[in-house]
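This report describes the chain contacts, the helix packing and selected backbone features of the structure shown below. Please read it alongside the sequence and the coordinates.

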Amino acid sequence: MSAKGKVNFMVERCKGCGFCIEFCPVKVLEFSKDYNMKGYHFPVAAHSEKCIGCNMCGMYCPDFAIWGEKNK
Amino acid sequence: MENVKHPLSKYLREDRMPHMWCPGCGIGTAMNAFMHALEKSGLEKNDIAVVSGIGCTGRVAGYVDLDSFHTTHGRAIPFAEGLKATKPDTKVIVISGDGDLMSIGGNHFIHAGRKNMDLTVICVNNLNYAMTGGQVSATTPVRSITATAPHGSFTTPFSLPFLAEASGAVYVARWTVFHIRELQKAMLEAINKKGFSFVEVISPCPTLYERRNKMGDGLARMKFYKENSIVKNGADTKETNIEINKPFVVGKFIDIEGKPTYLESMNKYYDETFQCQLGYKTYKGTRYSCNISDGGVSEGCMDD
């Protein structure tokens, strides 16, 4: 079964607050092992097949670094 | 991936990103909710003006790609009143912090409410003066440790919904940044509301307030909001005081229809008082003044 949605990232804006990871209703996201240029662990879509494209991550993100969209 | 545009980028000054707010701060989320509300409202970008004062939240005016105004400390509402009086068709939205709107500019806030100025006021309440290093503000709960109260604050804080209702606001709501959908809806309703509408947004301040009071980071505070906020729409605003580490009430408290705004009251009163003797013309903002000779704009008291 293909995913219903997709998460987009702009990792250089991320400050690693973790709101998106905590409040994703289907727990798609995880912190990456890598750092961005400012030294924060940014989120990655570790379980991208579960994404439903609800854009909850995009609503919570204080840094406009992540957003979800439904697959057409 | 970096060349992908954020869906809200039309409201955002992308060249200023990333913004200066700390990791875990809720002001970015509040601005995000505000932009979602603007998107849903369907307003044209040219019809919106954002006014901010000084402070962490005051920086919102610099990050929105709208007509925006970064004013002096505490005076966001007077500047917004002037803007509204000059261009009454513009949606004027004041976004500022609790230190700016309620402590330094508290008097302006209550009088704008009393006059029912047609403004939308969004107050991001992080419970202290964050930009200057975390001093006691008018909303700091009793027993909070801050820079100016190292043994705990002892003054009674304002309950902002109660203050707004007492001042005469027609729309009063309080949500935390955790209640993201309710917050977007409240902001949308406040923007569409005619009259003085007020939304309080309770936001974490991980660097100062929470660090000093040992409350964890921004995410821990969000979880605290999730567990300790009591949603009570239509609650009496006397119940809305915030105590440290205690549950607090959120919700939409006041939604009144039909109260005349400042300009409506002014026009009605002068129309009745002068009764065409002085040729009073209904005031519709100064940008119409050049068109009065056309005869198409003035209404009411025309001496014909």
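Which residues of α5(B) and α6(B) meet? The model in which this is asked is a predicted one. On the α5(B) side the residues are B:F109, B:I110, B:G113 and B:R114, and on the α6(B) side they are B:L163, B:A164 and B:S167. By class, this contact comprises four nonpolar, two polar and one charged residues.

**Helix packing in chain B**

The axes of α5(B), residues 106-115, and α6(B), residues 160-167, come within 7 Å of each other and cross at roughly 45 degrees. The two helices are therefore oblique to each other. Helix α5(B) also packs with α3(B), residues 76-86, where the axes come within 8 Å and cross at roughly 35 degrees. In that second contact, B:I77, B:P78 and B:E81 of α3(B) meet B:H108, B:F109 and B:A112 of α5(B). Its composition is four nonpolar, one polar and one charged residues. B:F109 thus takes part in the contact with α6(B) and in the contact with α3(B).

The two helix pairs are set out below.

| Helix pair | Axes come within | Crossing angle |
|---|---|---|
| α5(B) and α6(B) | 7 Å | roughly 45 degrees |
| α3(B) and α5(B) | 8 Å | roughly 35 degrees |

Within α6(B), the buried residues are B:L160, B:P161, B:L163, B:A164 and B:E165. Of these, B:L163 and B:A164 also belong to the contact with α5(B). The cover over the buried residues of α6(B) includes the helices α4 (98-104) and α5 of chain B, together with the strands β4 (120-125), β5, β6 (197-202) and β8 (248-255) of chain B. Just after α6(B), B:G168 adopts a positive phi of about 115 degrees.

**The nonpolar core**

The largest nonpolar core contains 103 residues, and B:I122 and B:M187 touch the most other members. Helix α1(B) gives the largest share of this core, eight residues. In soluble globular proteins, nonpolar side chains tend to be buried together. When neighbours within four places in sequence are left aside, the contacts of B:M187 are B:A33, B:F34, B:A37, B:I122 and B:V199. B:M187 is therefore in contact with B:I122, the other residue that touches the most members of the core.

**The interface between the chains**

How many residues of chain B are in contact with chain A? There are 24 of them, facing 18 residues of chain A. On the chain B side, the elements that give two or more residues are α1 (27-41) and α9 (218-228). The largest share, six residues, comes from α1(B). The chain B side divides into 15 nonpolar, eight polar and one charged residues.

Helix α9(B) has B:G218, B:R221, B:M222 and B:Y225 buried. Seen down the helix axis, the buried residues fall within an arc of 105 degrees, so they line one face of α9(B). These buried residues pack against α1 (19-23) of chain A, and also against β5 (171-176), α8 (206-212) and β7 (229-231) of chain B.

**Local features of chain A**

Two residues of interest are located in the loop between α1 and β2 of chain A: A:C24 and A:K27. Is A:C24 buried or exposed? A:C24 counts as buried, because it has 24 C-beta neighbours inside 10 Å. Not counting residues up to four places away in sequence, A:C24 touches A:L29, A:M56 and A:C57. A:C24 and A:M56 are 32 residues apart in sequence, with a C-alpha to C-alpha distance of 6.3 Å.

A:K27, by contrast, counts as exposed, because it has 12 C-beta neighbours inside 10 Å. Its phi is near 55 degrees, a positive value in a residue other than glycine. A:F64 likewise has a positive phi, of about 55 degrees, although it is not a glycine. A:F64 is located in the loop between α2 (56-60) and β4 (66-70) of chain A. With 25 C-beta neighbours inside 10 Å, A:F64 counts as buried.

**A cis peptide bond in chain B**

The peptide bond from B:M17 to B:P18 is cis, and its omega is near -5 degrees. B:P18 belongs to the segment before α1 of chain B.

Note on methods: Residues numbered from 1 in each chain as written. Chains lettered and ligands numbered in written order. Predicted model: local features only at pLDDT ≥ 70, side-chain atom pairs only at ≥ 80, totals over all residues. Contact = placed C-beta atoms within 7 Å. Helix = DSSP H or I, 4+ residues; strand = E, 2+ residues; numbered from the N terminus. Nonpolar A, V, L, I, M, F, W, Y, C, P; charged D, E, K, R; others polar. Core = buried A, V, L, I, M, F, W, Y, C linked by C-beta atoms within 7 Å. Buried ≥ 20, exposed ≤ 12 C-beta atoms within 10 Å, placed from the backbone. Axes fitted to C-alpha atoms, helices over the stretch in contact; angles between N-to-C directions. Parallel < 35°, antiparallel > 145°, perpendicular 65-115°, else oblique. Arc of directions from axis to C-beta.
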